[in-house]
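Let's take a walk through this model together, moving from a small local feature out to whole chains and back again. Keep the viewer open as you read.

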Amino acid sequence: MRYISNTPAQQREMLATIGAGSIEDLLARIPAKARLSRPLNVPAAMAETDLVRLLRGMSARNANADDFVCFLGAGSYDHTVPSPINHLISRGEFFTAYTPYQPEASQGTLRSIFEYQTMMAELCGMDVANASLYDGASSLAEAVLMAHAVTERNAIVLSKGVNPLYRQVVETYCEGPGLRLKSAALGDGSTDLDAVRKSVTGQTAAVVIQYPNFFGCLEDVKAAAEIAHAAGALLIVVADPVNLGLLTPPGALGADLVVGEGQGLGVPMTFGGPNLGVFAVKQELVRRMPGRLVGATVDLDGQRGFVLTLQTREQHIRREKATSNICTNVALCALMATIHVAIMGKVGLRKVGELSTAKAHYAAEAFARIPGVKLKFSAPFFKEFALELPKSPERVVKRLTKDKILAGVPLKAFDRSYKDCLLVAVTEKRTREEIDAYAAALAAAVA
Amino acid sequence: MRTAKPAYDKLIFELSRPGRHAYSLPECDVPVADPAQLLPKEHLREKPAELPEVSELDVVRHYSRLSQMNYGVDTHFYPLGSCTMKYNPKINEDMARLPGFARLHPLTPEGAAQGALQLMHELSQDLAEVSGMDLVSLQPAAGAQGELAGVLMIRAYHLARGERRTKVLIPDSAHGTNPASTALAGYSVVELRSEANGDVDLLDLERHLGDDVAAFMITQPNTLGLFESKIHQITDMCHAKGVQVYMDGANFNAILGITRPGDLGFDVCHFNLHKTFTTPHGGGGPGAGPVGIKEHLAPFLPTPVLVKDGDDYAFDWNRPQSIGKLQAFWGNFGMLVRAWTYIRTMGPDGLRAVSDNAVLNANYVLKRLEDHYDRSAPGPCMHECVVSARRQKKLGVTAIDIAKRLLDLGFYAPTTYFPLIVEEALMIEPTETESKETLDEFCDAMIQIAREAQENPQLIHEAPVTTPVRRLDQTAAARQPRLKWTPPETA
Amino acid sequence: MANVPADLRYTKEHEWAKLEGDKARVGITAFAQEQLGDVVFVELPKAGSKVTAMKTFGVVESVKAVSDLFAPLSGEVVEVNAELPKKPEVVNTDPYGKGWMIVIKLDGTKEWEGLMSAADYETLVAAAGH
């Protein structure tokens, strides 16, 4: 048993010290009828080489983005993952460390989180970002609960441009507190601001829009902020931080809380998890924030050091009155993002946005030229767009999978009124050749 | 008096020099490259974000130096009680990085993700077997989310039966996420008294059980590291009043292959894959918190539910009574691969050896320390032991002082001040992966500290002195929070 | 010797009250601040809000703990200490003076009679300490 160090001889020595005859003696408190009387019925232990062979086989049955060309988006993206990230986060001192509750032995983790908080606040245009939450969807849920706690109001207005999977998570989190969720319809791809105006009342805690939204379309964040604030409500903006290297940050447009999915910042897609929940707020809301926060301070010698701070908000002190039940953050994913942003930097991250949008527009134009294929919405879009197809999007996807193209996300499962639509994402990694090949395959598939 | 060499004290922003770069991106290969020609002006940043401009060597050297300021399981004994800081196998890391897993988009058509779905299905069956539960959802992102899912399912169960129950009973020895998750699910938390050894006070439980109580939530073994031997009586008492029983699975490492929550009468339990099942702690996460249930709670499982039809795996979204979703996609798949790999590496005998050795190691430590520190309870412990620094406190040395001195002696500290019901608590969980030699070194250090508390407490109060920073001013950090780097004022 | 001024009255939750005509000034005791450790933040109600005897009116936080603040008496908050957000440490250094938290315009005088005397509070504190 290679993960267990003690030999039988050592076990006997230890039992002798303890004064027990066998390990069974140490289990005496467990009543006999509670004892499992057989070995666990899990598969037999495998040698490493056999295990690797088996798993390689299982992984080969998945259409991954190295072997297939990925145009899938909807909250997870095939963005560049620079080579140093994996090497650095695989250092044992990072990935086998615990939460930095003993700060003197955890300055590596604490400093990198402090850098992460700085970067996310800067990208979002906000005063403060926390050390990360689980994913974009649960971050949104936490933001909604926070808006409820801060305003003491019970209603939330969500644009239909918010990712439907995120909305489901918000609904689940709102069950306990009993909040009411209302929807504001889309116009032609972006939120209908009149619909928002009509839905917002003196009972509204927050208005939620996504920027760019689930369909890839840009939103008028400033106008949404004005509507929310006029009613005494907060504006929550869901944003992808990768895009914020180029796009105007929501904080500059009036957002009170910015949340989103940071997976595109160097976290492998990994079939949807683990992810990276970004959460950033304005200064006056900082003590109501969920999640961990790292702060700068000094040690006894006056030297700079970093600690977890404002911990009294959290469950281990505040218990049932905590701002959230969250315990872990996604520290290792936050570290990936920190290194990613350090590598991309001021110029590179902007370039990622420029390339993504340039290629997305090229692709949209190429696809829209195919007879029968239309862009569903006319609102300006960033790196994703919805196509309306003359044939079933599910069939088109199946056919293009044979061409080793992951064509996009059929939208029927999210909303039947979009049953002819396919959501296509184009990142900086997609080449002109790949896009042209997709266009050719799509033309053949819908002919 | 500092005894270590000066620490590396840079932040990445301080290494930044205008014009330096580390990125590598191709030139634009499509005709229109300028975003100003593609997007309305108001959507484009006026100024680029203030992000670092550094070279690749800057990045690699900086983060390598930062890593050297951390203690990790790979470098140090990490006896944090209730965290199960066991060795993180490297094969798990390799397997999680296989392109078929790491490079798989969550919305890949199901027919083209069968390998991933198969792995998830098999893991859920393994966890069901290990726990004696009927069904497992792999969706929760961490233990706290697993708790929330479990309590929400219990809530849905009662509502479906037309019962409005408003309270959940939780012992005062519980981990903070228990009451926090319960409050989030909309329940009032009623705190029950534990006995001094962490056992459930049956009289207090009896007094509180009623038809306004939805659930009783306990950790087994309890947070003092002892097995609650009256468990069958407890679950029977609860069920007699229609109360569901929830097991916090944080201490699963003690009972693998020995006993199972499903056999003890629990209705729901969660797993912490980042504890018992070796997925790495990562400096604070990501974790994964699958939740196991008995059949009667099946209609309420989070959506979607993974089903097997012949040889094919698919997601079932048609779950009208589901509690909904906890995170956007299907679970922390990268952690699920690691846990699956670990279970296949260990097999049934290996998993049983885990709990046996975890229990042996903790009892060995307890025995070696019992003359120097107060036990929190008589009798053998399970996989962790709690001692009190009550004796040392009388000499002016507290649990936190002891923790800091351990850092100087080359060990990460045990958990301090938890559970709340033990004064000056030090909770020690060695785990099964540590050797007798390491345990002896740790116990020798603890005994040395006990002696220092009598002979030279100043040494302990000054600690740590060998770490990159000394004790930090937590008060200043909380009074004037500085939560991000800002450029220094130019002179 | 415990620091328990004789001219004040007390609650079992370790708040003090000082009668000032038809108003009462309220804070937390020396024992309370000692138990809490360094105070880092105090959350207080706005002037004009109503408080009820033995119901919470705010929260006091230290680095490692957080405590509810219980109103000793019922009435309307007419003054709130504006110094505390900037200098929470004054609760530690001067709990009965500059560390005052709110001033309540009292609903009546009956409740005042029900508060603990300095002597009784001193007994409570002596029993709590070890």
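How many residues lie between E2(C) and E3(C) in the hairpin they form? There are 2 of them, and Gly21(C), which sits in that turn, has a positive phi of about 70 degrees. Before going further, please keep in mind that this is a predicted model.

The two strands of this hairpin, E2 with residues 15-20 of chain C and E3 with residues 23-28 of chain C, pair in the antiparallel sense over 6 bridges. At the turn end you can pick out one of the pairs: Glu20(C) has Lys23(C) in E3(C) as its bridge partner. E3(C) also pairs with strand E9 (residues 102-106) of chain C, again antiparallel, through 4 bridges. To find this second pairing on screen, look for Val26(C), which stands opposite Ile102(C) in E9(C).

Staying in chain C, move on to strand E4, which covers residues 39-43. Of its 5 residues, 4 are buried, so the strand is largely enclosed by the rest of the structure. Its antiparallel partner is strand E6 (residues 56-62) of chain C, joined to E4(C) by 4 bridges. Val39(C) is a handy marker here, with Ser62(C) in E6(C) as its bridge partner.

Now for how the chains meet. Between chain C and chain B, 5 residues of chain C are in contact with 4 residues of chain B. On the chain C side of this meeting, 4 residues are nonpolar, none is polar and 1 is charged. Turning to chain A and chain B, 171 residues of chain A are in contact with 175 residues of chain B. The element that gives the most to the chain A side is helix H12 (residues 331-368) of chain A, with 24 residues. By class, that side of chain A holds 87 nonpolar, 52 polar and 32 charged residues.

A single glycine of chain B lets you look at the contact with chain A from close up. Gly72(B) lies in the loop between helix H1 (56-67) and helix H2 (90-96) of chain B. Why does Gly72(B) count as buried? Because it has 27 C-beta neighbours inside 10 Å, where 20 or more are needed. Leaving aside residues up to four places away in sequence, Gly72(B) touches Gly92(A), Glu93(A), Thr96(A) and Ala97(A). Within chain B, Gly72(B) and His281(B) are 209 residues apart in sequence, yet their C-alpha atoms are 9.3 Å apart in space.

Next, chain A as a whole. This chain has 14 helices and 15 strands, and its C-alpha atoms fill a box of roughly 80 × 55 × 50 Å along the principal axes. Buried residues make up 64% of its 447 residues. Among contacts in chain A with a separation of 6 or more, 73% are between residues 24 or more positions apart.

Chain A is divided into domain 1 (69-81 + 346-446) and domain 2 (84-338). The centres of these two domains of chain A, taken over C-alpha atoms, are separated by 27 Å. Where they meet, 25 residues of domain 1 are in contact with 26 residues of domain 2. H12(A) supplies the largest share of the domain 1 side, 5 residues. That side divides into 14 nonpolar, 5 polar and 6 charged residues.

The largest nonpolar core has 358 residues, and within this core Val144(A) and Val207(A) touch the most other members. H12(A) gives the most to this core, with 21 residues. Apart from residues up to four places away in sequence, those that Val207(A) touches include Val157(A), Val196(A), Ile227(A) and Leu235(A).

To finish, look at helix H7 (residues 136-151) of chain A, whose geometry is easy to check. At 1.5 Å a residue, its 16 residues should span 22 Å, and the end C-alpha atoms are 22 Å apart, which agrees. H7(A) has 13 of its 16 residues buried, so the helix is largely enclosed by the rest of the structure. Just after H7(A) comes Glu152(A), which takes a positive phi of about 60 degrees.

Terms used. Residues are numbered from 1 along each chain as its sequence is written. Chains are lettered from A and ligands numbered from 1 in the order in which they are written. This is a predicted model: local features need pLDDT of at least 70, side-chain atom pairs count only at pLDDT 80 or more; totals for chains, interfaces and linings use all residues. Two strands pair if DSSP finds at least two bridges between them. Two residues are in contact if their C-beta atoms, placed from the backbone, lie within 7 Å. Ala, Val, Leu, Ile, Met, Phe, Trp, Tyr, Cys and Pro count as nonpolar, Asp, Glu, Lys and Arg as charged, and the others, Gly among them, as polar. A residue is buried if 20 or more other C-beta atoms lie within 10 Å of its own, exposed if 12 or fewer, and partly exposed in between; C-beta atoms are placed from the backbone. A nonpolar core is a set of buried Ala, Val, Leu, Ile, Met, Phe, Trp, Tyr and Cys residues joined through C-beta atoms within 7 Å. Domain bounds come from an automatic or database domain assignment. The expected span of a helix is 1.5 Å times one less than its number of residues.
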